[in-house]
Every structure is written in structure tokens, then in C-alpha cells.
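Welcome to my notebook. I am looking up a few things in the structure shown here, one entry at a time.

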Amino acid sequence: LSLAAAARTGSNGGALAAEGSAEQEASGQPSFYGKGPKLRLQRQQQGSERQQQQQQRQRPKGGTQTVRRALSAELAGQHADAGPTAAAGGQITPGGAMSVLPKRAPRAASCYNLDKEIAACASQDGVLAISAREAAVMDGANWANLVYALAHCRKHGTGDQRSLKFDSRWMRAMRETEANLVSLTARDTANVLWSLATLDLRSESLFMEAADALCGSGKLSVCDPVSVSKAAWALTTVKERDRRLGIFNHLAVPVVLGADAYPLGAITMTCYAFAKADHRDGDVYEALSSSLANHPLEELRPIDVCNVVWAFCTVGYRDDQLFDGLSVSHLSREASVAEFNPQDLTNTTWGFSKVLYTNAVAMDVLANEGLRKTHQFKAIHFSNLLYSFAQLRLCGPEGFLHRLADAAVPRMDSFDPGNLAIAVWALAMQQVDHVFLDKALEIMKSPKFCEQFTSRSLSMLFLAYFRLGRFTDVDAVLASAMLRKDPIGASGFSAVIMAAEQGVDAVRELRVQQAMADEVADDKMRAAVCNAAAIRLMKRGRPEEARRLLNSMRGGEEHPRRWTAVSELLLARIDSRVAAVAVDADSSGIDALAAAFVESWQAPVQSGMHPMAATRQNEGPHAYTREFMTLQAVLCTAPAGDVDACMAAVEQFAESRSMWLKITAWEKATVVHEVARLSVPGVVVEIGAYVGYSAMNLGRAVRQHGGRVASIEVDPIHATIVRNMVEYAGLTDTVDVWTGFCYDVFPHLLREYGPGSIGMVFMDQKGTRFHTDLERLRELGLLADGAVVLADNVLKPGAPLYIWHLMHGPYRHCVTVSVREFLLQSEDWMVMAFHDAAGPPVADPPLYLHRLAFDSDAFRRRSMFDGVAPSKADWWKFSQSFVEGLARVNCRPRQVGLHGRENPVLTPADIEGIFRAAGRAVPP
């Protein structure tokens with residue numbers, strides 16, 4: 001730990017000045033790592049009280065400095081407790097020595113001599129021979145150094161891992177090291193971790209005990225930068241995610257406090273390790289970026305540049321200032337880029353594409369160097385380079401994409417399914433219809449090869465051939481995929497169903513829907529999928545085919561659950577002998593169906609479908625369980641055709657089970673409904689439909705004036721549920737449900753509804769994508785002048801770039817509506833504005849907003865994937881920092897709603913007030 005950072009941010013106005021290394025033994029004898037001066041902690045002379053107060057006021061607020069002050073104060077408290085020789089009263093006397101940790105017992109001179117002998121040994125057999133000969137006199141540090149020496153033998157190619165694994169001397173070395181972990185110094189412990197990870201022969205118990213000894217005993221507080229970086233690199237191999245992230249939370253403390261004093265090699269290794277561990281603490285990356293600024297970037301090696309870019313971009317931390325510096329010092333210079341090997345080169349471009357950082361000059365230089373090195377490329381290098389330019393929407397130098405694809409064709413046999421799918425997708429994104437795509441189809445005909453495709457890889461292939469208009473090739477990929485043993489999964493079906501929905505062939509769409517129905521494991525899910533297929537046939541004007549499909553679903557006594565209340569309603573709508581729109585809510589048929597479902601709807605659904613996002617709540621055999629149970633609750637408890645009752649049934653089901661659903665209920669429902677009613681839109685676009693709650697809310701609002709709702713949902717199972725929910729509520733003629741990603745669905749909306757047709761947009765997808773999806777709608781000319789834009793979850797987990805987009809782009813009257821989150825009793829924001837077609841383009845956001853967006857995504861991932869969900873206190877702390885961050889860059893809109901009221905109640909009059917303030921006419 002560099003105590004220089006702690007000195008700048010020490011608590012109580014004091015600062016700690018460090019001399020030397022904490023690893024030097026009291027005896028002063030040379031150690032395995034060389035001799036260094038003793039550690040002395042001194043408290044600097046304090047000025048007057050007035051001077052201290054003035055200095056406190058001058059300290060910058062927020063950012064890494066705030067974290068460093070807090071961590072330094074905590075660390076100082078740990079030091080005071082740990083040192084047995086601290087002065088009376090817990091004060092550090094000026095010039096006095098302080099023991100940060102209990103000292104290790106003095107070592108015998110023979111042990112120091114053994115350190116030297118072990119270090120000088122260049123072969124594995126020589127190191128093991130020393131352990132056999134001197135085992136009786138070796139202490140814990142000797143055993144740690146011996147393990148370290150064996151790892152170096154492996155690293156330099158002088159060790160035989162296979163023979164070492166079963167060597168009794170190695171097994172004894174592990175036992176002795178484990179027995180002496182408590183007595184090891186921080187550096188010894190870090191080296192043990194690095195050695196075990198390098199050898200890949202670790203005992204899991206020894207490895208985790210060493211991790212606990214380093215991170216849980218205070219040793220990190222005196223660990224030097226190189227040892228911290230080594231330990232971090234080793235600890236990326238911890239497989240259990242929650243435990244790994246917990247360890248890296250400890251490692252983050254010395255990094256945030258001491259990164260300014262890290263040598264360049266330690267910085268780059270630490271960057272790599274934290275990204276590899278998927279640790280997303282913005283303060284860590286800010287500290288590392290600040291530390292890199294202290295070094296001339298020209299001193300970075302190509303692999304260092306690659307590691308820094310890869311690390312920051314892998315976790316999504318966009319640092320334009322750092323990337324600009326690297327582009328100037330390395331990536332825009334042909335002589336520098338010429339030293340990059342294919343992996344460093346393509347990993348660098350891949351990293352930039354992940355955060356959408358564009359430097360056209362640097363990318364052209366990298367592209368040209370890539371073409372010169374294609375003879376060294378492996379499959380992953382081709383796919384990464386193609387993917388990078390596709391993501392950034394860059395074509396590179398003239399003819400670059402075609403030349404790169406030409407170089408890849410002779411080596412297509414070396415492509416694995418994942419890299420093949422990425423390369424095909426990238427070429428299609430750039431509208432490069434190359435022979436590579438034809439040869440990829442031939443390769444996929446091999447059953448053994450096709451069996452290896454994942455659901456995501458299949459999705460990329462479906463999207464690729466769809467974007468090039470090659471629908472017969474989409475069918476060919478689907479035919480090959482259906483011959484596999486493994487399921488296609490939700491990701492694969494999302495793309496192929498989207499392609500079928502936008503095509504003119506109703507038979508193709510029916511075939512795809514039936515394939516998805518065959519893949520699900522539960523009869524109720526299968527019935528819902530078939531119902532959705534029948535709805536689509538009716539939308540296409542094919543009622544007789546819908547009737548045949550519904551009749552084929554009747555399972556009789558053998559499969560009674562393959563027929564639902566929605567099936568009955570659909571058949572009644574088709575049958576000319578019954579009302580064309582809905583069935584009477586008191587119908588005995590509906591009552592009988594509802595009674596049949598009362599008992600069964602509570603049983604868990606075994607979906608059998610691999611979800612698009614395997615979150616903590618949606619994975620394994622119970623994926624989509626809560627969503628299907630929500631649909632069944634509506635079918636059992638709400639009258640058909642009653643929208644209000646259907647929405648109430650969704651809320652009551654969640655409330656009765658204390659089961660949070662991502663729906664815009666309570667005050668949020670008032671906001672959505674009133675905005676849709678008051679704006680009188682011709683078409684409302686909803687992005688993120690989930691179970692259909694908002695689609696029903698929007699539908700009942702616009703139905704009164706003949707409006708339409710276009711609800712977009714990327715997950716095909718969720719889209720299935722929405723179609724069933726909307727049909728049961730009697731809104732199918734008002735609500736259209738479209739499957740797929742916004743990038744592909746928006747052009748279809750232009751063809752379906754026409755330019756300038758969208759009068760309202762409601763966004764409820766990933767918050768840090770709000771602004772990009774909104775800009776895509778504008779680019780396509782879909783937004784009407786004066787269209788209302790509304791988004792949910794802008795505070796939790798946050799959408800800072802969206803707020804900037806509304807406040808500094810072609811929009812007017814941006815307002816934050818403060819509301820309660822459903823079931824959580826905590827504040828959230830819905831932010832809205834009015835589109836101004838003649839307004840100026842969006843100004844570039846300040847760099848700090850990218851940091852705020854990173855924090856928002858990191859907290860979102862934590863709520864989705866961590867073993868323990870964030871508490872209310874965690875959410876409150878995060879939201880407070882989010883609000884302070886917006887204020888820091890003057891990006892906080894006018895606020896109405898719950899905030900500041902003693903009795904929080906949001907009424908339609910509040911929303912009317914927003915429209916009146918914007919000069920919009922309010923309908924009666």
C-alpha cells in the first residue's frame with residue numbers, strides 16, 4: 001500500500017508519511033526480496049484550527065478523493081487497533097515507530113541463507129531437492145519462497161507440471177505452506193497466491209485460505225503495489241462469482257488509496273485483473289486512470305496498451321481522456337502499431353467497440369496493420385476485427401472489409417461456431433454480402449459443427465441473413481438448428497421469430513412459432529405460444545388457419561392444460577356464431593375454464609427454455625416461472641375483456657406473494673396512462689413489454705381516440721405472454737406486439753405505420769440505452785413533432801445520458817416525475833420531454849456522465865446477478881450519489897411528484913400541469 005495517497009486524505013486533518021517498505025524484518029537482514037528501510041509512520045505537524053477548516057473547505061467533493069478519505073479513515077482505525085506498540089491513548093507520537101501488524105518472530109540466519117539458495121536454483125528438481133534436504137529447518141517464509149521458485153520454473157519452461165503434480169515433495173510443500181500462512185508477510189502471501197495460480201496445481205483449500213489470510217487479516221494494508229497486482233491476477237481464478245467479488249472488494253481498498261504510486265507494470269496488471277474478475281467499482285478504474293496519467297504513456301508496451309483498453313472496455317468504463325491519450329501516443333502512429341501482435345491489435349479494437357469509442361484515425365491505422373498481419377491471424381482475430389468495425393459503424397480504409405473477408409475465406413475451416421457467427425453477423429451489419437456468408441452456410445450443414453452453436457450464436461446468424469434479406473438462408477439455418485440435440489433457446493428464437501414476423505410468409509411464421517412451442521416443456525407454456533401464433537394469423541387476415549391451429553391444440557383428457565381461457569376467447573372471436581370481439585365475462589365457458597385453473601396455476605412452471613438473460617431470478621428449470629404464473633393469475637381471477645381488472649390482478653398477484661415484478665404500477669401507472677391520454681398519439685411505441693402490464697395501460701388510454709400501441713419485446717417468451725395478456729383484456733385490435741431488437745424493429749415500424757407517425761414513446765428497457773434507441777427513432781424520421789418521450793427507472797438504476805439527451809438536444813420542457821417503485825416503497829424517476837423537430841443536435845455530454853452511466857450499469861448488474869440483492873439502504877445510497885452526480889454537471893431537470901410531500905399522492909392533475917406548462921392543449 002502506498003501511504004502517500006493515505007497521507008493526502010488522512011482523517012482528522014493529519015497525514016501519514018511513510019519511509020520504506022513494511023515488509024522488511026526487524027532484524028534488518030536481507031530477505032528473499034532484498035533489503036529495505038524500516039517503516040516509520042509520522043503524523044505531520046498540524047496547523048491552526050482555522051487553517052485546517054480552510055483546507056477542508058478547499059478539498060474537492062465527490063469522486064475518488066471522497067472514497068480515499070473514507071477508506072483512509074477506516075484504515076487508520078485498523079492500524080491503531082493492530083499495532084501493539086502504539087503510544088498511549090491510541091495516538092501516534094511524532095517520529096515514533098509503529099507496528100502496523102503483529103511482528104513475525106525473528107528468523108534464524110540459516111533461513112535467510114535458504115532463501116538465497118532457493119532463489120538461485122534454476123530447475124524444478126533442484127528446488128525440490130532443497131526441500132527434501134532442509135525440510136526440518138525450513139520456516140514458513142522458506143516454504144512460501146520454494147512454491148514461488150517452482151512457479152518461476154514453470155514460467156520459464158524449466159519445470160514439468162505433470163511430474164510435479166504427484167511428487168510427494170510438492171505435496172509436503174503445500175501442507176507446510178498452509179500450516180504457516182498466519183506467519184507469512186503480506187508479500188509472501190501474495191506470492192503464494194500468484195504461484196499457485198501460475199502452477200495451476202493448487203489445492204483449493206490452500207488457495208482460499210491464502211486469500212483469506214491476505215484479505216481478511218489486515219495484511220493488505222501493508223502490501224506493496226506489485227504484490228497487490230500479483231494477488232489480484234491470481235484471484236481472478238476464483239470461480240464462485242460472489243466470493244470472487246467479495247475478495248476484490250478488499251483488494252479495491254489499497255488500489256483506490258495507493259494507485260498513484262503504482263509502477264506502470266503493476267497498474268496494467270491490476271487493470272487486467274479487476275476486469276477479468278468482473279469487478280465494476282468505478283472508483284478503482286478512476287484511480288487507475290489517474291495513476292496512468294502520472295506516467296508517460298509512450299513507455300507502455302503494446303501488450304500494456306491492449307490490457308488497459310481491454311480492461312476498461314470489458315467492464316464498460318468509458319474514459320475518453322485516457323483513450324485519446326493512448327490513441328495519440330500509440331494507436332495513431334504506424335510505427336507503434338507495427339509492434340502489436342494480432343491479439344493485442346484485435347483486442348484493442350474490440351475494446352473500443354464495446355464502449356462505442358471512436359477515433360477514426362486510430363482505427364484506420366489499426367485496420368491497415370491488421371491487413372498486413374492477416375497471415376498471422378487466427379479465427380478469433382478475424383472475427384474480433386470485423387466485429388469491432390461493425391459495432392462502431394466504420395468501414396475503415398477503402399476496401400478494408402472485403403480484403404479482410406477475402407483473407408479469412410481460405411481459413412474458414414479453423415473457425416469455431418462462435419467466431420464464425422460473429423464474422424457473419426459483422427459482415428451483414430455492414431451490408432457486405434461476401435462469399436464468406438455462402439461458405440458459412442455450407443459449413444453449418446455439418447451436424448457435428450452445428451451441434452456446437454449456442455443460442456446466442458444462432459441468434460447472430462439469423463440476424464445476419466435477415467439483415468441482408470436472405471430469408472431462405474434464415475430458413476436453412478433454422479432447419480440445421482432444429483436437427484441438433486440442444487435447444488435453440490430464447491435468444492435464437494428471438495431473431496428468427498422477428499424475421500418471420502416482418503416477412504410476408506405467414507406459413508414461415510407459423511412454422512417458427514410451432515418450433516418454439518415444441519421446445520418448451522410445460523403444457524401451459526405450449527398453449528400460450530400456440531395462442532400467440534393464432535393471434536398473429538388473425539392479424540395477417542387468416543382466421544381459418546388460426547381456427548385449425550386452435551382446434552389442433554385441444555388435448556382432451558390427456559393434455560387438459562393445452563387449452564386455456566385465451567384459446568376459448570380466440571376461437572369465439574373467429575366463430576361467426578359468437579360475438580366478434582369478445583366473450584361475455586359471465587360466460588359459463590369462461591367460468592369453467594377459470595375454475596379449472598384455480599388449482600393448477602400455483603404450480604411452478606418447468607419452462608425448458610434457456611432464457612435470454614439468466615439472472616438470479618430467472619435461471620434453470622424455473623426460467624419464466626413468475627411471468628407465466630402472473631398470466632395464469634389474470635386468467636383465473638379477472639373477467640375477460642376487463643382491462644382494469646386484468647391490471648389489478650397482476651398487481652394483486654405480486655403483492656400477495658411479495659414478489660417484485662418489473663411493472664409500472666401504482667403512481668407509475670397514473671403517469672403512463674395520463675401521458676398517453678393527454679398527448680392523443682396516433683401511435684405509441686413501447687420498448688420493453690415484459691408481461692404486458694404497460695401495454696394494457698397504454699391500450700386503454702389510446703383506444704378512446706382510435707390510437708395504436710406498438711409494443712416491442714426482445715424476449716420471445718415475454719412477447720408470447722404479452723400477446724395472451726392483451727388478447728384476454730380485449731385489446732388485440734389496439735396493441736401490436738413485435739419481437740426483436742430495436743435496431744431491427746424500428747425500420748419495420750416505419751414501413752408499418754409511416755414516417756412521423758409516433759406521437760409517444762415509452763421506454764422501459766436498459767436505462768443506458770434509452771438515448772441511443774431514441775436517437776435511432778429520430779434518424780429514421782419516426783418521431784412526430786411534439787411527440788412525448790417518457791422513460792421509467794431513470795433514477796434506479798439510472799439513465800444519466802438520457803437526461804442529458806433531453807436537456808441538451810432537440811427536446812423541450814424536460815421534467816422529472818418522482819414516483820414510488822412498485823412494492824419497494826422507494827423513490828424512482830420517470831423523465832419526460834417533448835420532441836422539437838427543429839431543435840439543435842445533442843451536445844456532447846461531459847465525461848463525468850459516462851462515469852455515472854458506468855455506475856448505473858454496475859448497480860443494475862449487481863441487482864440482477866449477485867447472489868444477494870441490494871438492500872433498500874444500498875438503493876438509497878446509490879440514488880443519492882446519482883442525484884449528486886447530475887447536479888455536479890448541471891443536468892437535473894425540474895421535478896414534480898412525490899418528492900418533498902408529506903403524503904405522497906400523484907394525481908392526473910399533476911400530469912395535466914406538466915402539459916399546460918409546456919403549452920400543450922389538454923383534452924377534456
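**Terms before I start.** I call a residue buried under 20% relative accessible area, exposed over 50% and partly exposed in between, with a 1.4 Å probe and protein chains only. For helices and strands I take DSSP runs, H or I of at least four residues for a helix and E of at least two for a strand, numbered from the N terminus. I work with a predicted model, in which local features need pLDDT of at least 70 and side-chain atom pairs count only at pLDDT 80 or more, while totals for chains, interfaces and linings use all residues. Residues are numbered from 1 along each chain as its sequence is written, and side-chain values use heavy atoms, with hydrogens and water left out.

**Overview.** I looked up the protein chain and found 44 helices and 10 strands. Of its 924 residues, 56% are buried. I then turned to contacts, meaning heavy atoms within 4.5 Å. Among those between residues at least 6 apart in sequence, 76% join residues at least 24 apart.

**Helix α20.** This helix covers residues 379-391 and has 13 residues. I compared its reach with the expected span, which is 1.5 Å times one less than the number of residues. From first C-alpha to last, α20 reaches 18 Å, close to the 18 Å expected. I noted that 11 of its 13 residues are buried, so α20 is mostly covered. Among the buried ones are His 381, Phe 382, Asn 384 and Tyr 387. What do the buried residues of α20 pack against? They pack against α18 (342-355), α19 (360-372), α21 (400-408) and α22 (417-429). After α20 comes Arg 393, with a positive phi near 55°.

**Helix α9.** Next I checked α9, residues 186-199. Its 14 residues should span 20 Å at 1.5 Å a residue, and its end C-alpha atoms are 20 Å apart, which agrees. I found 14 of the 14 residues buried, so α9 is largely enclosed by the rest of the structure. Ser 195 sits in this helix and is buried, with a relative accessible area of 0%. Leaving out residues up to four places away in sequence, Ser 195 touches Val 147, Tyr 148 and Ala 151. Just after α9, Asp 200 takes a positive phi of about 55°.

**A helix pair.** How do α33 and α37 lie relative to each other, parallel or perpendicular? I fitted axes as lines through C-alpha atoms, for helices over the stretch in contact, with angles from 0 to 180 degrees between N-to-C directions. Under 35 degrees counts as roughly parallel, over 145 as roughly antiparallel, 65 to 115 as roughly perpendicular and the rest as oblique. The axes of α33 (residues 625-637) and α37 (residues 716-728) come within 10 Å and cross at roughly 10°. The two helices are therefore roughly parallel to each other. The residues of this contact divide into 8 nonpolar, 3 polar and 1 charged. Here Ala, Val, Leu, Ile, Met, Phe, Trp, Tyr, Cys and Pro count as nonpolar, Asp, Glu, Lys and Arg as charged, and the others, Gly among them, as polar. On the α33 side I listed Phe 628 and Leu 631, among others, and on the α37 side residues including Ile 721 and Asn 724.

**Helix α29.** Met 525 is in α29, residues 523-539, and counts as buried at 0% relative accessibility. Phe 628 is 103 residues from Met 525 along the chain, yet their C-alpha atoms are separated by 7.5 Å. Ile 535 lies in α29 too and is buried, at 5%. Not counting residues up to four places away in sequence, Ile 535 touches Leu 570, Arg 723, Asn 724, Glu 727 and Thr 732.

**Backbone oddities.** Most residues other than glycine have a negative phi, and most peptide bonds are trans. I therefore noted Tyr 690, not a glycine, whose phi is positive at about 55°. Tyr 690 lies in the loop between β3 (683-687) and α36 (693-702) and is buried, at 14%. His 813 also has a positive phi of about 55°, but this residue is in strand β8 (residues 811-820) and is partly exposed, at 37%. My last look was at the peptide bond from Lys 796 to Pro 797, which is cis with omega near 0°. Pro 797 is in helix α40 (residues 794-798).
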